[in-house]
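User: Please take a close look at the place where the two chains meet. Then walk me through some backbone details in each chain.

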Amino acid sequence: MGNKKAVGLDIGSQTTKVVVLDGNNILASSIVLSGDDTESSAKAAVEKALKEAKLEFDDNLYITATGIGAKSISFSQQQKGITTCLARGVHYLLPSVQLAIDIGAESSTVIKVNERGRLSDYATHDKCASGTGIFLQQMAKLMQMSPEDMSQHSFTAKRRADITNTCAVFAESEVISHVHRVPPTPKEEIIAGLFYGVVSRIMTLCKRVGIKKDVAVVGGVALSKGLVHIFEEEFGFGVLVPETPQIVAAVGAAVISKESIEKGPAV
Amino acid sequence: MITSEDRRTKISSIVRACRLISKMNPPRPELQKSEALYYELLASYYKRLLQAQEKGDFIAAHTVFFPSEVLYAMGIVPMHTETTTWTMALFLGDQAEILSAGAELGLVPEICSPHRGLAGAFYLKSLPRPNVMLWSNLVCDNTAKSGELLMELNDCPGFFLDRPFQRSKDEIDYLVGEIKQMINFLEKQSGKKMDWDKLSEFVARMDEHIKLMQEINELRKAVPSPFPFQGYLKLLTIDYLFPGQPEATEYLKTLRDELADMVKNGKGAVADERFRIMTLFVPPMYLTGFLEKIFQEYGAVSVVEPLFTLWMESGLDPSNPLESVAKKSFLIPESRGMYGPLKQQSLDEIVQSAKDYKVDGAMYWAFIGCRHTCATIKLVKDTLNEVDVPMLTVDCDLVDPTINPKEEIREKIERFFELLEER
């Protein structure tokens, strides 16, 4: 029992993330694209992380799965909600954080973490793509640039174009209209407007659960420094971003696995 | 073309469904008698409506919270419109058809779905045509706008009962005046006279019903709590359809005695009670069974519903029946959140009930069509957070399943139970 390795598996709509813990240290992690077959891509992600950790896919693992389709994974020992895992993961990586914003591919979630690293409240925006990674990816395609270039361009904007924050489809039409204006709205202003739309939408979720320092931004979208900068402008203070923001929920799932190993089997 | 035979079949189907369910074994044998009684009552309500339609008796359609005890005292057959809509949705799965008909009338999804549905049902002539339409702002703001359309659709006369926001002697007097005018209107339309002795008898019994519901609520404070998740819906329905009626007394007494036995024997509504939940506003009616199952899976039980079943005050006076009918409209738990300002007293009562019922967490069912109630979410959440009770808000609709997929609702509830477990 003592040698069991704690594994966290986070199945996102776009990528599947795995973290392997050895005691309190992250031994390995992996990020693979989520395929149509959830079980296969989850297995591939676990195998990749285990390979990096030089471990075998055997009975000596304790796997906690979270995210979309976590319940359908046959090889996990337990499933936990994404909010619970995010809280544990954020507390593990950044213990001072009390409010974390997770912007994933298809949803945005704001969580409040208590001093014990437990989830104390949360709010989710899941009714429209306009506050999510997929939306920003589509906008990058529309603007014919990479997400990284978008992020860079946003820093040079002198002002933000007005773009609706309530509907991804309308936002897309507005971007097209800005591009075709005479004279066209500068690209950086459109991007800054898009980022602001996402941020302002998520700020309402933050206000709903209550803003408390420190604040972290996690999830794949946290890699966009331009967007994170707008969050900082809106909060009026700096926010924390973990080194690999995509794996936070997987870290949390691994922490929960570790706790379950320590607790031992249920009597 | 919908024939009168089709209309008969819709209501007949509700009667048949009630009878079928009452014959089935309820999930908890301890509540077998009250369960059977409940479905018999529901069947009898719609059977009476069917018979009235066949015999040409005077039918008054009325919106939710309307004082239908007045109709019973006049020998007029009541048809509770919203309850009939959600009963059709619950038992017959007919909501798509009636909501779509409501949309044809220009009623958008943001409008209260029971009202969209009932407008659609009348438009499709799926319900018996009433002789009069009665509606009110008591205690819901949506109903105030609904009646005229329903009157037009049914091509019948109608009466709007205006209930003031605040409770004071002057305002109760005003409401008494309104009820008197309504009685005059009904006497003229139906040719039936008000039986004041009967009304007094019903008022006395309504007071008894309030006390019985208070007793039931007291029993629900027990750990484990004996009342199943969907029980609240039955308490609502009994109060809506049978105010002051002897059959409601029988049901409430039977239920009280069964719950008392359960408490005495230490039996809870769920096998292993883990989470005691405060339910705010009403969960989707069409998901009642689905939600009951999730609650059972997680050992959760709804112990108190401050906006629907928590009666604080009784004291209706049979010697002043009209004043008592008016007074009851200020006592009903719904008046806390659905009509007029949300008072500090209401927030205090919510907090006190969280303590009294040993609540672990609260679920606010944010019915998108009830915007005036949804406006209170932040206030209620902040107030409950002050006493360390977390609150989940679930966007939903009472009748329309297209607003929020049930799997999404399940996930939100599961996450919330995890949060409670973590604490």
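Analyst: Here is the interface, followed by a few spots along the backbone.

This is a predicted model, in which local features need pLDDT of at least 70 and side-chain atom pairs count only at pLDDT 80 or more, while totals for chains, interfaces and linings use all residues. Residues are numbered from 1 along each chain as its sequence is written, chains are lettered from A and ligands numbered from 1 in the order in which they are written, and side-chain values use heavy atoms, with hydrogens and water left out.

Start with confidence. The predictor gives the complex an ipTM of 0.79 and a pTM of 0.87. Chain B has an average pLDDT of 90, and 96% of the residues score at least 70. (pLDDT is the predictor's confidence in each residue, from 0 to 100.)

Now the interface. Chain B brings 20 residues to the contact and chain A brings 19 residues. (Contact means heavy atoms within 4.5 Å.) About 1500 Å² is buried between chain B and chain A, and carbon and sulfur atoms give 37% of that area. (Buried area is the accessible area, with a 1.4 Å probe, that two parts lose on being put together, summed over both.) On the chain B side, B:R415, B:E418 and B:E422 lose the most area to chain A, together 44% of what that side buries.

Charged pairs appear here too. The rule finds 4 salt bridges across the interface of chain B and chain A. (A salt bridge is a side-chain nitrogen of Lys or Arg within 4 Å of a carboxyl oxygen of Asp or Glu.) A:R88 and B:E422 meet through their side chains in a salt bridge, at 2.2 Å from N to O. Which elements of chain B supply at least two residues each to the side that touches chain A? They are helix 16 (377–386), strand 8 (391–396) and helix 17 (406–422). (Helices, H or I with at least four residues, and strands, E with at least two, are DSSP runs numbered from the N terminus.) Helix 17 of chain B gives the largest share of that side, 10 residues.

Next, the backbone. Most residues other than glycine have a negative phi, and most peptide bonds are trans. Some places here are exceptions. In chain A, the peptide bond from A:V182 to A:P183 is cis, with omega near -10°. A:P183 sits in the loop between helix 5 (168–179) and helix 6 (187–209) of chain A. In chain B, a cis peptide bond joins B:V223 and B:P224, with omega about 0°. B:P224 is in the loop between helix 9 (196–220) and helix 10 (231–241) of chain B.

Then phi. A:Q144 is not a glycine, yet its phi is positive, near 55°. The loop between helix 3 (133–142) and helix 4 (147–155) of chain A holds A:Q144. A:Q144 is exposed, with a relative accessible area of 70%. (Buried means under 20% relative accessible area, exposed over 50%, partly exposed in between, with a 1.4 Å probe and protein chains only.) B:K358 also has a positive phi, about 50°, and is not a glycine. B:K358 lies in the loop between helix 14 (344–356) and strand 7 (361–367) of chain B. B:K358 is partly exposed, at 49% relative accessible area.

Last, a buried proline. B:P67 is in the loop between strand 1 (59–62) and helix 3 (69–74) of chain B. B:P67 is buried, with a relative accessible area of 6%. Not counting residues up to four places away in sequence, B:P67 touches B:L138, B:L161 and B:V325.
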